[in-house]
Amino acid sequence: EGVEVTDMAPREREGGVLVSYAADSTYVAKVVRATSKQDHSEFTGGKVVSKTEVVKRVGSGIEEYLRTHNHRAFLNQFPVRAFPVKGRPFVEDLESRFPSNALRITGCAEASWTPEDLYKQFRRYGRIMDITGSGNDFRVIFRFTQAAAAARNCLHRAEINGHPVVIDFTDSTLMSFMQAQ
């Protein structure tokens, strides 16, 4: 109620969908009022709430709805989850690319990240098994492919420490081992 889906882009190989939505002003006002009761400090003294903050709160409301209503997708053992997109998703349908639980994270020559920087950004999408690399070339291995797909879709071209990241699926250690046999 109050949120209208404006566009949907299915991600069949990854088992997800990118959804664009619009919230009408009465719904946004209701969200701001509901959250202001929880956190009075932001709404005292005539402070104005930014558009980014409203979008964040509406997204949190959608995430909370999915958590409390326990929606499940067909043939999926995990509950449906929603994440805000921070970058620009790379929508591709190349025949030879399949999702895996491992991601390769690269950036421009000036970019330099630490495993801690990446952990802070990627952990919300699922359990991380390992982060390896240095400078601007890392590999993040998730426990599940679903988590890696969500992270790739939400963080591709997002900025980490002021530098955009490029994220691609890569072979996981297990996949490389199995192909070598």
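**Exercise 1. Two residues with positive phi**

Task: Classify N161 as buried, partly exposed or exposed, then locate N161 and R157 and compare their backbone angles.

Solution. Step 1: N161 has a relative accessible area of 47%. Buried requires under 20% and exposed over 50%, so N161 is partly exposed. The model examined here and in the exercises below is a predicted one.

Step 2: N161 lies in the loop that joins β6 to β7 (163-164). Its phi is near 55 degrees, which is a positive value in a residue other than glycine.

Step 3: R157 belongs to the loop between α4 and β6. For R157, phi is near 70 degrees, again positive in a residue that is not glycine. With 39% relative accessibility, R157 also counts as partly exposed.

**Exercise 2. The two sides of helix α3**

Task: Determine which residues of helix α3 (residues 115-122) are buried and how they are arranged about the helix axis.

Solution. Step 1: The buried residues of this helix are D117, L118 and F122.

Step 2: Viewed down the axis of α3, these buried residues fall within an arc of 115 degrees, and therefore they line one face of the helix.

Step 3: On the face turned away from the buried side, α3 carries the exposed residues E116 and K120.

Step 4: It remains to identify the cover. The elements covering the buried residues of α3 include the strands β3 (102-106), β4 (128-134), β5 (137-142), β6 (159-160) and β8 (166-170), together with helix α4 (145-155).

**Exercise 3. Cysteines and disulfides**

Task: State how many disulfides the structure holds, and describe the accessibility of C108 and C154.

Solution. Step 1: A disulfide is a covalent bond between the sulfur atoms of two cysteines. The structure holds zero disulfides.

Step 2: C108 has a relative accessible area of 29%, so this cysteine is partly exposed.

Step 3: C154 has a relative accessible area of 5%; because the limit for buried is under 20%, C154 is buried.

**Exercise 4. A nonpolar surface patch**

Task: Identify the members of the nonpolar patch on the surface and the strands that contribute to it.

Solution. Step 1: The patch is formed by V3, V5, M8, V17, V19, Y21 and V55, whose accessible area together is about 550 Å².

Step 2: Strands β1 (3-11) and β2 (16-23) each supply at least two residues of the patch.

Step 3: One member, V5, is found in strand β1. Its relative accessible area of 47% makes V5 partly exposed.

**Exercise 5. Helix α1 and the overall fold**

Task: Place A29 in its element, then describe the protein as a whole by its pattern of elements and its burial.

Solution. Step 1: A29 sits in helix α1 (residues 25-38) and, at 29% relative accessibility, counts as partly exposed. Its C-alpha atom is separated by 9.1 Å from that of V54, 25 residues apart along the chain.

Step 2: The protein has five helices and eight strands. Along the sequence, their pattern reads β-β-α-α-β-α-β-β-α-β-β-β-α.

Step 3: Of its 181 residues, 28% count as buried. The protein exposes about 11,800 Å², of which carbon and sulfur atoms supply 53%.

Step 4: Among contacts with a separation of 6 or more, 58% involve residues 24 or more positions apart.

Methods: Residues are numbered from 1 along each chain as its sequence is written. This is a predicted model: local features need pLDDT of at least 70, side-chain atom pairs count only at pLDDT 80 or more; totals for chains, interfaces and linings use all residues. Side-chain values use heavy atoms; hydrogens and water are left out. Helices (H or I, at least four residues) and strands (E, at least two) are DSSP runs, numbered from the N terminus. Buried means under 20% relative accessible area, exposed over 50%, partly exposed in between (1.4 Å probe, protein chains only). A disulfide is a pair of cysteine sulfur atoms within 2.5 Å. The arc is that of the directions from the helix axis to the C-beta atoms. Contact means heavy atoms within 4.5 Å. Accessible areas come from the Shrake-Rupley method with a 1.4 Å probe; for residues, only the protein chains shown count as cover. Patches are made of residues with over 30% relative accessible area and no salt bridge: like charges are joined within 9 Å, nonpolar side chains (Val, Leu, Ile, Met, Phe, Trp, Tyr) within 5 Å. A salt bridge is a side-chain nitrogen of Lys or Arg within 4 Å of a carboxyl oxygen of Asp or Glu.
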